[in-house]
Amino acid sequence: MLKLTDTHCHLADPAFSNQLPDILKAAQAQGVHRFIVPATCSDDFQAVIALDEIPSVHIALGIHPWFAEAASEQDFHHLASLLKQYPQAWVGEIGLDFYDKEQTPEQHEKQIDCFCHQLVLAERLRRPVIMHNLKATSAIVEAVKKSRFTQGGIAHAFSGSLEEAQLLIKNGFKIGIGSLLLNPTAKKARQAAQNLPLKDMVLETDSPFMLKNTVNTPANVRKIAEIMAQLRHISLEEVAAVTEQNIETLLATVSSI
Ligand SMILES: [Zn+2]
């Protein structure tokens, strides 16, 4: 039986409330047997932690760049104490989002501060991170260096150039290939899925987001893996085996703590 992991799904999102057992069953029927569930802000930490009870779920706790401006010193303390309490948790979803061109330099600074703070924490506690990156690769690399962050993790929903992907790989990140592949016009994501070494990639949906007019679910990892196999002219089994190995390597860093 084929085994796949959805390395980025927001299963604590209200879009899934009440239906979670069915969503997980439908995913498992497609071979998706493991789920990495990131938080986005201190308001959803408890909902994410509650999912840690499910054996196939691995959690991440962190403050997403969209919530960087509202993040308080108290939120960072809360995060640090929860990460100590849950030694298996990764740090995420953290990162930088410079997509909105109207952002001020102060807003960028606030995001960078919030990101660096969490990178330092992740380094200290030896946890991989789940990283959001929109139009911010060079600032991300700078922050990783400045924070002396070496634990690696996943650059999720990758949408940049091959050069940017290689830069992130060099800095210890696996590239998260996801639902953008379901859109035949998403050229950069297809280019990455086709050309990057398979040993540097993992699969994800970013459920419930990313699809127009419909709720995305982890079962779609199967479709993403199939498209990747077609693009690379290799078998679905090979895509599954190598991407599983990649995620196992990252998970091993927390289970050895
Ligand atoms: Zn996300």
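**Figure 1. The cavity of the predicted model.** In this predicted model, the structure holds one cavity of 30 Å³ or more, and the space inside the largest cavity comes to about 30 Å³. Its lining is made up of Thr-5, Thr-7, Val-202, Leu-203, Thr-243, Glu-244 and Ile-247. Two elements, β8 (201–203) and α9 (236–255), each give two or more residues to this lining, and α9 gives the most, with three residues. Sorted by class, the lining of the largest cavity has three nonpolar, three polar and one charged residues.

**Figure 2. The zinc ion and its protein donors.** Four residues of the protein act as donors to the zinc ion, namely His-8 and His-10, each through NE2, Glu-93 through OE, and Asp-206 through OD, and these donors lie 2.1 to 2.7 Å from the ion. The angles among the four donor atoms run from 84 to 173 degrees, and the site is classed as irregular. Along the sequence, the donor residues follow the spacing H-x1-H-x82-E-x112-D.

**Figure 3. His-8 and Glu-93, two of the zinc donors.** Among the protein donors of the zinc ion are His-8 and Glu-93, a pair that links distant parts of the chain, since 85 residues separate them. His-8 belongs to the loop between β1 (4–6) and α1 (20–29), whereas Glu-93 is found in strand β4 (residues 90–97). Are these two residues buried or exposed? His-8 counts as buried because its relative accessibility is 0%, and Glu-93 is likewise buried, because its relative accessible area is 2%, where the limit for a buried residue is under 20%.

**Figure 4. The largest pocket and the residues around its centre.** The volume of the largest pocket is about 700 Å³. It is lined by 31 residues, of which His-132, Leu-134, His-156, Ala-157 and Met-210 are the closest to the centre of the pocket. Strand β5 (129–134) and helix α7 (187–195) each supply at least two residues of this lining. When the lining residues of the largest pocket are divided by class, 14 are nonpolar, nine are polar and eight are charged.

**Figure 5. The second largest pocket.** With a volume of about 160 Å³, the second largest pocket is lined by Ser-179, Leu-180, Leu-182 and Asn-183, together with Met-210, Leu-211 and Lys-212. Four residues of this lining are nonpolar, two are polar and one is charged. Met-210, one of the residues that line the second largest pocket, is also among the residues closest to the centre of the largest pocket.

Definitions and conventions:
Residues are numbered from 1 along each chain as its sequence is written. This is a predicted model: local features need pLDDT of at least 70, side-chain atom pairs count only at pLDDT 80 or more; totals for chains, interfaces and linings use all residues. Side-chain values use heavy atoms; hydrogens and water are left out. Donors are N, O and S atoms within 2.8 Å of the metal (3.2 Å for Na, K and Ca); water is not among the atoms, so sites may look incomplete. Four donors count as tetrahedral if all angles lie between 85 and 135 degrees; four count as square planar and six as octahedral if opposite donors are over 155 degrees apart and all others between 65 and 115; anything else is irregular. Helices (H or I, at least four residues) and strands (E, at least two) are DSSP runs, numbered from the N terminus. Buried means under 20% relative accessible area, exposed over 50%, partly exposed in between (1.4 Å probe, protein chains only). On a 1 Å grid over the protein atoms alone, a cavity is a set of points where a 1.4 Å probe fits but cannot get out, and a pocket is an open set with protein on both sides within 12 Å along at least five of seven lines; lining residues have an atom within 4 Å of a point. Grid points are joined across faces, edges and corners, and a volume is the space filled by probe spheres set on the points. Ala, Val, Leu, Ile, Met, Phe, Trp, Tyr, Cys and Pro count as nonpolar, Asp, Glu, Lys and Arg as charged, and the others, Gly among them, as polar.
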